[in-house]
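This report describes a single protein chain, from its overall surface to its strands, salt bridges and unusual backbone sites. Please consult the sequence and the structure shown below while reading.

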Amino acid sequence: MASYSVEERGCPNSLGYRLFFKNDKGQYISPFHDIPIHPDARKGWLSSLFSWVLHSFSSSPDRESSLGQKDVFNMVVEIPRWTNAKMEIATKDPLNPIKQDVKKGKLRYVANVFPHKGYIWNYGAIPQTWEDPEHKDENTGCCGDNDPIDVCEIGSKVCSRGEIIKVKVLGVLALIDESETDWKVIAINTEDPDAAKLNNINDVRTLKPGYLEATVDWFRRYKVPDGKPENQFAFNGEFKDKDFSIKIIGDTHDYWKALVNNKTGGEICCTNTTLPDSPCHCDQTSAGATVGEAPACGPADPIPPEVDRWYFYEK
């Protein structure tokens, strides 16, 4: 798997904070557009040929899955588990750095709605995906939320902001957030000790009882402290299985392809450094200038004390 690094700009916990990404050559990239959807998407032709031979002679009924081709994806970790800052890939900014969401001029933090402390998973996105706001999903009856598809990684390790990990997809939850489809993919870090035991959504119920129910509860209630109503779900809040999830991810990858080729997208910034056929491709000089415009990294600003407040209310 390719290695990636991050470069901080601005002061953490401030409006100017940004986290830019670099590839293994130290070149600036977009985590949205330049990190491939699959970990092996850019391996050499000889490695690809070897994998094809293995696929051809494998006796497994699910060759793609058993060889990690079908159900393993890259994940960009935006928010480590147990933290509250709502960090996200900045889809409208050049090179799409991670930054903190802002609401009414203030940095956004999710509330601690008892019994949940911050985010209860490592939270992030699958690169090279996009939930098209012009496409009405046939399953939910709602259009996409204009973001990369979200991932809740349920492993034991607390990941770092900006970390790129390989995850095995297990299922998906269809959140309806303010009348938009907002898919929440459930996945496990492939390096987690339990990864081999988790192969579909029902395995989560067996190995981690209560986690899926807590996930539905979290997404249902997390906006209530802001004065908003509870969120709703398609499929009555039931999780769909791995195969359904992979199809949804594939659909969002197709929407992204149209986006990055400037066929749709509106305000989304598609600046990239590794897709030469894209009309939004830029060179490293331009990418470096973009990063250089951000303020230099400085000491962290204090986190507001109200972030540690707990909220209680009857379900």
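The accessible surface of the protein chain amounts to about 14900 Å², and carbon and sulfur atoms contribute 51% of it. Accessible areas were computed by the Shrake-Rupley method with a 1.4 Å probe, and for residues only the protein chains shown count as cover. The model is a predicted one, in which local features need pLDDT of at least 70 and side-chain atom pairs count only at pLDDT 80 or more, while totals for chains, interfaces and linings use all residues. Residues are numbered from 1 along each chain as its sequence is written, and side-chain values use heavy atoms, with hydrogens and water left out.

**Overall character and confidence**

The protein chain contains six helices and 15 strands; helices (H or I, at least four residues) and strands (E, at least two) are DSSP runs, numbered from the N terminus. Of its 315 residues, 50% are buried. Here buried means under 20% relative accessible area, exposed over 50%, and partly exposed in between (1.4 Å probe, protein chains only). Among contacts with a separation of 6 or more, 69% are between residues 24 or more positions apart, a contact being heavy atoms within 4.5 Å.

The average pLDDT (the predictor's confidence in each residue, from 0 to 100) is 91, and 90% of the residues score at least 70. Residues 43-68 remain under 50 in pLDDT, and the model has 16 contacts beyond four places in sequence for them. Where pLDDT is low, the predicted coordinates should not be read in detail.

**Strand E12 and its partners**

Strand E12 (residues 164-177) is mostly covered, with 13 of its 14 residues buried. Two strands are taken to pair if DSSP finds at least two bridges between them. E12 runs antiparallel to strand E4 (residues 72-79), joined by five bridges, and Met75 has Ile165 of E12 as its bridge partner. Ten bridges connect E12 with strand E13 (residues 180-189), again in an antiparallel arrangement; Leu173 stands opposite Lys184 of E13. These strands, E12 and E13, form a hairpin with two residues between them, and Glu178 in the turn has a positive phi of about 50°. Two bridges also link E12 to E14, antiparallel, with Gln232 of E14 as the bridge partner of Ile176.

**Salt bridges**

The whole structure holds 20 salt bridges, each defined as a side-chain nitrogen of Lys or Arg within 4 Å of a carboxyl oxygen of Asp or Glu. Three of the pairs are tabulated here.

| Pair | Closest N to O distance |
|---|---|
| Asp93 and Lys99 | 3.2 Å |
| Lys184 and Asp150 | 2.7 Å |
| Lys157 and Glu163 | 2.8 Å |

The side chains of Lys184 and Asp150 meet in a salt bridge. This pair links distant parts of the chain, since Lys184 lies in strand E13 and Asp150 in strand E11, 34 residues apart. Both Lys184 and Asp150 are buried. In the pair with Lys99, Asp93 is buried at a relative accessible area of 19%, whereas Lys99 is partly exposed at 23%. Lys157 is partly exposed, with a relative accessible area of 42%. Salt bridges with shared partners also join Asp177, Glu178, Lys223 and Lys228 into one network.

**Helix H4 and His135**

Helix H4 (residues 211-221) is largely enclosed by the rest of the structure, because eight of its eleven residues are buried. The buried residues of H4 include Tyr211, Trp218, Phe219 and Arg221.

His135 lies in the loop between E10 and E11 and is partly exposed at 30% relative accessibility. Beyond its neighbours within four places in sequence, His135 contacts Cys142, Cys143, Gly144 and Tyr255. The C-alpha atoms of His135 and Thr181 are 9.9 Å apart, although 46 residues separate the two in sequence.

**Unusual backbone sites**

Phe114 and Pro115 are joined by a cis peptide bond with omega of about 10°, and Pro115 is placed in the loop between strand E9 (112-113) and strand E10 (122-125). Two residues that are not glycine have positive phi: Asn146 at about 75° and Asn236 at about 55°. Asn146 occupies the loop between E10 and strand E11 (150-153) and is partly exposed at 21%. Asn236, in the loop between strand E14 (232-233) and helix H5 (242-260), is exposed at 77% relative accessible area.
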